[in-house]
Structure formats: structure tokens, C-alpha cells
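Let's walk through this structure together, beginning with a loop and then moving on to the pockets and the ligand. Keep the 3D view open as you read.

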Amino acid sequence: MERYAIILAAGKGTRMKSNLYKVLHQVAGKPMVAHVLDAVSGLNPVKTITVVGHGADAVKAALGERSEFVLQAEQLGTGHAVAQAEVLLKDLSGHTLVTYGDTPLLTAETLDAAFKFHIENEMKATVLTAIAPDPFGYGRIIRDDLGHVQRIVEQKDASLAQAEITEINTGTYIFDNRLLFEALAQVDTNNAQGEFYVTDAIGILKAANQHVGAYVMSDFNESLGVNDRIQLSFAEKIMRQRINRRHMRQGVSLIDPENTYIESDVVIGTDTIIEANVRLKGKTIIGSGNFISSGTEIIDSTIGDNVSIRQSVIEESIIHQGSDVGPFAHIRPMSELLENVHVGNFSEIKKATLGRGTKVGHLSYIGDVSVGEDVNFGAGVIIVNYDGKSKFHSEIADYAFIGSNSNIISPVKVGENALIAAGSTITQDVEAADLAIARAKQVNKTARAKGKPHYR
Ligand code: UD1
Ligand code: CA
């Protein structure tokens, strides 16, 4: 039996009070609609169609090749939105999942279970429902005395008695594909909002004596629909808990999981210990046996095994095994720290490769430079890479020793085993094993400090 999927993502999201279209608001670092597409993809549908309208180009860009798109030029309601997909699904046999781009917590497992329920029970329409602690704002499920689903009533159309019902429409449905579009053709706008509701398709099919049912989800949280920023924060919290528990089950220690922020696609190896207030973002991959202390933020970076990172920011960089970074270091994009590198406090590394065992202990700026193995940077070394117009690149070979408070004015080459005296300003290449001293000679003037005021 073929599976198809339609994701509704054309609404503006007025209640978000935002310039950003609702389904693009992020949960755990990923647009809500991308989470929905992830879950839907788990069903392996033959066709996945996203209905776009407000912010169509931005939504398309966020989802890319994984979905086809149809445009709903005017937002006349969810039923009208689904009907836009008819051009791509007309007359196909099979079953179609309809879901909303603002329900980011749905999982592939639940969708799959609902699909199986729908097929095994030979349903023509199945609505996913949940029991809500506070059903306000959701559509309510109307059942008859025997418990059979009759129809769905929206909050704004509900009588006082209907508003008491706690079983809600989660906004996900599975329909016989052909019957879906037949039913949608009969949906009208006779309701409080004057919109075409997809929810009416359930009542229409039931009235036509089709087999209609409900799959009740066990966890209401998974159905959370995000209409405003408060619900967005709930979704964030639940997603965070879900992600963090997954990592802990897989052998990662989180000291304070409530306050550890790991985005959805981050990968972490076993026996890595992560303290509170750590943020791991984007396509970050972290190896095993690492220690990541409080206050660290790692974005789109790859960290090897047995690395220690304390109170530091790492962006778009690679750090190999055995290295340690921080406290208070900033590793900026396109940097690579090979094995056992040490970058200490108040040091900034940018677009630089540091060879095995190299040390940048304190207060340095190391930018646009290739550095060999076991190079030692004294405190306060600055690679002067920018003259206000252009950036220049330098090379520092293995075992060089760069004395404290030196300036390396790029572009220069410093050879193997070269020694640069502390306080030098290096403007010319230094040959291997040479000692370069580039600082003014000290002059002492006898007793010239006499008459200087005394301080106690
Ligand atoms: C909807 C359901 C409600 C359900 C709730 C679950 C309807 C009529 N109501 O209400 O029963 O309990 O979701 O979260 O379906 N959209 C379009 N085009 C439109 C209108 C909406 O693409 O013309 C999209 C929106 O972008 C959104 C989704 O459909 O992703 C749902 O629309 P929304 O306005 O949020 O519906 P709710 O009021 O939450
Ligand atoms: Ca909604």
C-alpha cells in the first residue's frame, strides 16, 4: 500500500508576533517544519508534498530536495491548503498522511504506528488524537455513545459542553488518498472563522458511512502544536529533554541535563562528560572520553577523543584527540588543532593549523598561519595578519620557539627549531635553527630616576 504525505506550512503564524514565518521558528536549532519532515521521512512516503504560502521561498530553502512543494497563494484554511496538493496526488491509490509544520515533536515511530493502525483496521480516515491537560485552542473529538468518532469541532465553534472534551485533534491524519480529495471538495466555510477546515473531512467521510477512527497517542506532549512563543518554549524544553535522554542512554554523562543545550543533529561518543550550560550546535561531532566544562559553546565542529574543553567557544573547527582548550579560549572558523595541542586562557585561534603537541598557553592571537609540531608560543604572541586591507599568511615550522610578547608580521616564514627572542617584532623570514632578536636594545641611565616621587 503506497504512502504519501502532505505537510501544511503556508500559514503566517500571526500569534508568534514575528517577522519570521511560523514553521521556520527553531526548536533545538532546527526549523519546526524540518523536524516534521524528519518524522515524515521515517515513513518512506512515495511522495512528500509541503504546502507553502507565507515565506514560500524560505520554507523551500529550509527543506530543500527532501520535499516537493505546492503553493497555497491565499490562506483560506487547512482544508484549502491540503486541496492544493491534489494536482500531485489526484487519482493515486494509497493512503495519505496529512500533518502540520507547527507540530515539531511528532516522531516517526508514532506516525508509523498510526499508519499501521489505519491499515490494519481498514480505515478510510484516521485522526491522531491525544488527551490534553488543557485542551483550549485545539479541535475537539466528538464521539457517539458507542465511542465512535463522529467529527471534529474547532475551539471557536465548540459549544460549552464540547469545550469540556479533553480528547483533542493533534492535526495529523491518515486518509484514503482518493476519498480525501472527494471529501475536501465538499468542505465549506460555514464556521466561526470562515475557513475551509481539513478537520471537516473527518465528519464528511463519517456521514458518508466510511470507516473513520482515531489513533490515541499515549503522550500528549508529542502532539504539541506551536502557535505562540510560550508553546515554542514548551516544545524546546520537551525536545531538549528528548535529545539529552537519548545521549545519556547512549553513554554520555550530562551533569545537569535540564540546563544542557544540544541541538538535534549533534553526535557525541560514550564517556564524554558535559557540564551545565554547555551549548552544542549545528553539525557538531564529539568523540569519546571528552570533558566539556560549563560555559562552552561548540558550533559546527568536530572534536576527537579525550579532549578537554573548558569555558570556551569553538566554531567550524576540528580538534584532534588529546588536545585541551581553555579556559576562555576562542577557536574561530577553519582552524585545526592536531593531536595533543594545548590552547590556554585568553587565546584566539583563527584559520590556523596547529601541529601535534603545539602550545599556545596564554593571551595570544594566532590567525592565518600554518604551525608545525611542538611549537611553543610564549605568552602574548600576536600573529599580525591584517594590514587594514588584506590578510596575510605565515608559516611556522616544527619545534620553533616564539618568545613571549612577540609580533609576527605576516607574511613570514619561521624555520624549524628557530628561536625568536621575547618582545621581538618579526618582519623577515627566520631560517631554521636561527635566533632572531628584533627589539630595541636596553639603555640604563645612572641615577636618572632620582627625584621621582616615592609611593608607599
Ligand atoms: C489546527 C486544527 C485543530 C488542531 C490543531 C492542532 C484545523 C482547522 N484545526 O488548529 O483542530 O487541534 O491544529 O495543532 O485544521 N495552514 C496552511 N494554510 C492555511 C491555514 C493553515 O498551510 O490556510 C497551516 C499552518 O501553517 C499550520 C497548520 O496549517 O502549520 C495549522 O494551522 P493553524 O492555524 O496553526 O491551526 P490551529 O488553529 O492550530
Ligand atoms: Ca497550530
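A good place to start is Pro411, which you will find in the loop that runs between strand E35 (407–409) and strand E36 (413–414). Please keep in mind throughout that this is a predicted model. The peptide bond leading from Ser410 into Pro411 is cis, and its omega is near 0°. Another cis bond joins Gly326 to Pro327, again with omega near 0°. Pro327 also belongs to a loop, in this case the one between strand E24 (324–325) and strand E25 (330–331). These two bonds deserve a look because most peptide bonds are trans.

While you are looking at backbone geometry, turn to Tyr399. This residue is not a glycine, yet its phi is positive, at about 65°. Tyr399 sits in the loop linking strand E33 (394–396) with strand E34 (401–402). As background, most residues other than glycine have a negative phi.

Now let's turn to the open spaces in the model. Rolling a probe the size of a water molecule over the atoms shows where empty space is left. The largest pocket has a volume of about 1,500 Å³. Its lining is made of 48 residues, and those nearest the centre of this pocket are Arg15, Lys22, Asp102, Gly137 and Asn227. Strand E1, helix H3, strand E10 and helix H9 (229–249) each give at least two residues to that lining. Sorted by class, the lining of the largest pocket holds 17 nonpolar, 22 polar and 9 charged residues.

What sits in the largest pocket? Ligand 1 does. Three elements give two or more residues to the shell around ligand 1: strand E1 (3–9), helix H3 (78–83) and strand E10 (167–176). The shell around ligand 1 counts 8 nonpolar, 12 polar and 4 charged residues. There are 24 residues around the ligand, and Gln72, Thr78, Tyr100, Glu154 and Asn169 come nearest.

Some of the contacts are worth tracing atom by atom. On the side-chain side, a polar atom of Thr78 lies 2.8 Å from an oxygen atom of ligand 1. The backbone takes part too: a polar backbone atom of Gly139 is 2.9 Å from a ligand oxygen, and a backbone N or O atom of Asn169 lies 2.6 Å from an oxygen atom of ligand 1. How much of ligand 1 does the protein bury? Taken alone, the ligand exposes 760 Å², and the protein buries 91% of that.

The second largest pocket, with a volume of about 360 Å³, is our last stop. Fifteen residues would be a lot to follow at once, so start with the ones nearest its centre: among the 15 lining residues these are His35, Asp38, Thr107, Met239 and Arg242. Helix H1 (32–41), helix H5 (108–120) and helix H9 each supply at least two residues of this lining. The largest share, 4 residues, comes from H9, a helix that also supplies at least two residues to the lining of the largest pocket. By class, the lining of the second largest pocket has 6 nonpolar, 3 polar and 6 charged residues.

Note on methods: Residues numbered from 1 in each chain as written. Chains lettered and ligands numbered in written order. Predicted model: local features only at pLDDT ≥ 70, side-chain atom pairs only at ≥ 80, totals over all residues. Heavy atoms only, no water. Near = heavy atom within 4 Å. Polar contact = N/O pair within 3.5 Å; in protein donor to acceptor, adjacent residues only side chain to side chain. Areas by Shrake-Rupley, 256 points an atom, 1.4 Å probe, with all protein chains shown as cover. 1 Å grid on protein atoms, 1.4 Å probe; cavity = no way out; pocket = protein on both sides within 12 Å on 5 of 7 lines; lining within 4 Å. Sits in = over half its atoms within 2 Å of the grid points. Nonpolar A, V, L, I, M, F, W, Y, C, P; charged D, E, K, R; others polar. Points joined across faces, edges and corners; volume = space filled by probe spheres on them.
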